[in-house]
Amino acid sequence: MEILIINSGSSSLKYQLIDSKTGVSHARGLVDRIGIDGSTIKYIALKNGKEVEVKREVAIPTHEVGMNLVAELLTDKEVGVISNPSEIKGVGHRVVHGGETLVQPTVITDEVVSKIEQLIPLSPLHNPGHLEGIRVARKLFSNATHVAVFDTAFHQTMPAKAFRYAIPNEYYEKHGVRAYGFHGTSHKYVDAQARKYLNNPHLKNITIHLGNGASMAAVNVEGHCVDTSMGLTPLDGLIMGTRCGLIDASVVFFLNEELGLSNEEIKTIFNKKSGMLGLTGNSDARDVSAKYHKGDVEAILCYEMYAYRIQKFIGAYTAALNGLDSIVFTAGVGENDALTRSLVCKNMEFFGIKLDEEKNVSRNHPTEPVEIQATDSRVKILVIPTNEELQIVNEIVNLV
């Protein structure tokens, strides 16, 4: 069964067509800068055993125009991989925020759309774009079953002691102010892969998703998330590419009252001008790493702060799990940056974490799960490539 996975943002649309039986990706790509000058579409397909690639710069004023271009390429006689949109039997939509009610993969109905709309105040940057993608895809692929998979869902097993904030009850009860957590699809995928690879379904496992956005999750012996680093929004927790992560809330008051910055300006600083970018002038870990190896003082401090924050969460989550069997590095930085993994695992022997530096470097950029711990490490240290799209496919198959 051919399943189309869609990750729709406010001005972009990522897509991937996957065979649910084999897990093979037949086509993938990105529609970028929707409604903005310089909009483009990128399409990569597996055709007759070879990859073909199409890049076009074309006016794409709306998501509907973009989705139609995707459908045209998928069915194109020369580069297409299907003959008709009706061959697509399922469409999976990544949705960032499902709140407390949308906690499982869910067949999309008008009622579900309404619930996602109601959650826009909790995810104003993401849910509107997801809704636009859902609207267009339901129209274009009308014969397919459309399923929403929520980034917050995996974390809904957290106990109240982990997700509640110590503020007056009414803000939770009336307005849903609590920690929800994100990257759940990735955390769920790599946790399952770790249990399968280590042949142990009862791991006490910490998953560490390090990309431009970064988060961690503590997963107990039952495979349930009991804590995660992101909160009400994806801003909390670890240091990220442009986000500050964990910070004293009083910094907001200081910036507002003492420096005269508006709430919107502070939001922009915390979300788009902080993290690695704020510390070094670069938001990409590859650029910061290059500076680090040249002895740049700001880059060295940035990496030390970045790793130290992760170490503190490892300590906290080891306590939450009452022990630790494994840690998993995943996503762009986690899979490909040996420096980050080295610094995170440094001076962690008390927790049973001891890295083999040679393995850490030689097994960079893995295509399947690999171990990088020293022979005398009590804790397994894994690097596992994440595959959120395949996880969404698996969720859809299990559902429909």
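## Strands that pair up

Two strands count as a pair if DSSP finds at least two bridges between them. Keep that in mind as you look at this predicted model, where six strands form an open sheet with mixed pairing. Reading across the sheet, the strand order is 11-10-9-12-14-13.

What is special about the strands at the edges? Strand 11 (225–228) and strand 13 (370–371) each have a single partner strand, so one side of each is left without a neighbour in the sheet.

## A parallel pair inside the sheet

Now find strand 12 (residues 326–330) and strand 14 (residues 380–383), which run parallel and are joined by four bridges. Within this pair, phenylalanine 329 of the model stands opposite valine 383 in strand 14.

## A helix across the sheet

Helix 6 (residues 184–197) lies across several strands: strand 9 (205–210), strand 10 (214–219), strand 12, strand 13 and strand 14. Its direction makes an angle of about 135° with strand 9.

## A cavity elsewhere in the chain

Rolling a probe the size of a water molecule over the atoms shows where empty space is left. How many cavities of 30 Å³ or more does the count give? The count comes to one, and the largest cavity has a volume of about 30 Å³.

Its lining is made up of Ile6, Asn7, Ser8, His93, Arg94, Val95, His130 and Ile134. Strand 1 (2–8), strand 6 (88–95) and helix 3 (127–140) are the elements that each give two or more residues to this lining. Sorted by class, the lining has three nonpolar, four polar and one charged residues.

Notes. Residues numbered from 1 in each chain as written. Predicted model: local features only at pLDDT ≥ 70, side-chain atom pairs only at ≥ 80, totals over all residues. Heavy atoms only, no water. 1 Å grid on protein atoms, 1.4 Å probe; cavity = no way out; pocket = protein on both sides within 12 Å on 5 of 7 lines; lining within 4 Å. Points joined across faces, edges and corners; volume = space filled by probe spheres on them. Nonpolar A, V, L, I, M, F, W, Y, C, P; charged D, E, K, R; others polar. Contact = heavy atoms within 4.5 Å. Axes fitted to C-alpha atoms, helices over the stretch in contact; angles between N-to-C directions.
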